[in-house]
Amino acid sequence: EMMKEILGLRALETELEQKLGVTKVVIVPGNSDEEDWVKQEMGQACVRELKSIIIPSSVVAVMGGTTLAAVAQMMTPDPKVSQSIFVPARGGLGERVENQANTISAEFADRAGAEYRLMHVPDQLSEEAYSSLVLEPSVKEILDLIKTSRILLHGIGDATRMAARRSSEEPFMNKLKREHAVAEAFGYYFNQTGEIIHKQRTIGLQLDELDAGKHVISVAGGASKANAIAAYMKHRPSDVLITDEAAAKGLLHNE
Ligand code: F6P
């Protein structure tokens, strides 16, 4: 904490809270684009935040990505957390196994000594498959649990980079370009003003279900993500943003 004063990060946090309309911003030193330990620092900050707000028997929904994978690695046992249950927030979004929401939620739970539930759904669903899958009793059960989640942990990515990571087809890449997509979070793509320009069809939490009752913690850093974070927060300012110094400086120097 003293370190933050010395580095001037405390002042940046306040400035960023005002600029983004986010209740609480936590900034860790460094640039996670360049150094992996910065993701671990964001992970520690996120775990601290989670432990400070969680009440026993909470359902915690988590998303995928390398940042959230790093956060899960930082989880440690805690009596309040061990009575909670971790679930993936949404179905597969074309990530490698270690970066999938299912894997990350299991990792969180294992490290915390808590429970988890998996959701088995394929990445790309046709409309027909989607409508029949949500009626399957085992799927319905986990979907109901996910809907009751009070805490959501998720990452934010650069739109084009995320589409490429998901091996998206050229027509879709062109659409993103045409419509000036800058951010991706949660399976949704956004332009710079925070409008949704595409939504990936998958089951689980939908963006419009993030009502005031859900405590949303976004974790994203690196200079390359400044625009993406700004765009996403225009759509829906999170309760907490955990980021790094490089992203924070980029965010504050824009516009
Ligand atoms: O694909 C899941 C996801 O959470 C995306 O919604 C987000 O854009 C991305 O991962 C962030 O990934 P990373 O932390 O690896 O940048």
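This passage looks at the ligand site, one helix and two loop residues of a predicted model. Residues are numbered from 1 along each chain as its sequence is written, and side-chain values use heavy atoms, with hydrogens and water left out. Since the model is predicted, local features need pLDDT of at least 70 and side-chain atom pairs count only at pLDDT 80 or more, while totals for chains, interfaces and linings use all residues.

To start with the ligand, 14 residues surround it, each with a heavy atom within 4 Å of it. The closest are Thr66, Thr67, Glu95, Glu184 and Lys225. By type, the shell splits into four nonpolar, five polar and five charged residues; here Ala, Val, Leu, Ile, Met, Phe, Trp, Tyr, Cys and Pro count as nonpolar, Asp, Glu, Lys and Arg as charged, and the others, Gly among them, as polar.

Oxygen atoms of the ligand pair up with protein atoms at several points. An N or O atom in the side chain of Thr66 is 2.5 Å from a ligand oxygen, and a polar side-chain atom of Arg166 is 2.8 Å from a ligand oxygen. Gly157 takes part through its backbone, with a polar atom 2.9 Å from an oxygen of the ligand. Taken alone, the ligand exposes 400 Å², and the protein buries 97% of that (areas by the Shrake-Rupley method with a 1.4 Å probe).

Which elements give two or more residues to the shell around the ligand? They are helix H4 (66–73), helix H9 (159–165) and strand S7 (181–185). Helices (H or I, at least four residues) and strands (E, at least two) are DSSP runs, numbered from the N terminus.

Further along the chain comes helix H11 (residues 226–235). Seven of its ten residues are buried, so H11 is largely enclosed by the rest of the structure. Buried means under 20% relative accessible area and exposed means over 50%, with partly exposed in between (1.4 Å probe, protein chains only). The buried residues of H11 are Ala226, Ala228, Ile229, Ala230, Ala231, Tyr232 and Met233.

Two loop residues round off the picture. Most residues other than glycine have a negative phi. Ser167, however, has a positive phi, near 50 degrees, and is found in the loop between H9 and helix H10 (170–178). Ser167 is exposed, at 60% relative accessible area. His180 also has a positive phi, near 55 degrees; this residue lies in the loop between H10 and S7. Is His180 buried or exposed? His180 is exposed, with a relative accessible area of 58%.

Note on methods:
A polar contact is a pair of N or O atoms within 3.5 Å; within protein, one must be able to donate a hydrogen and the other to accept it, and residues adjacent in sequence count only if both atoms are side-chain atoms.
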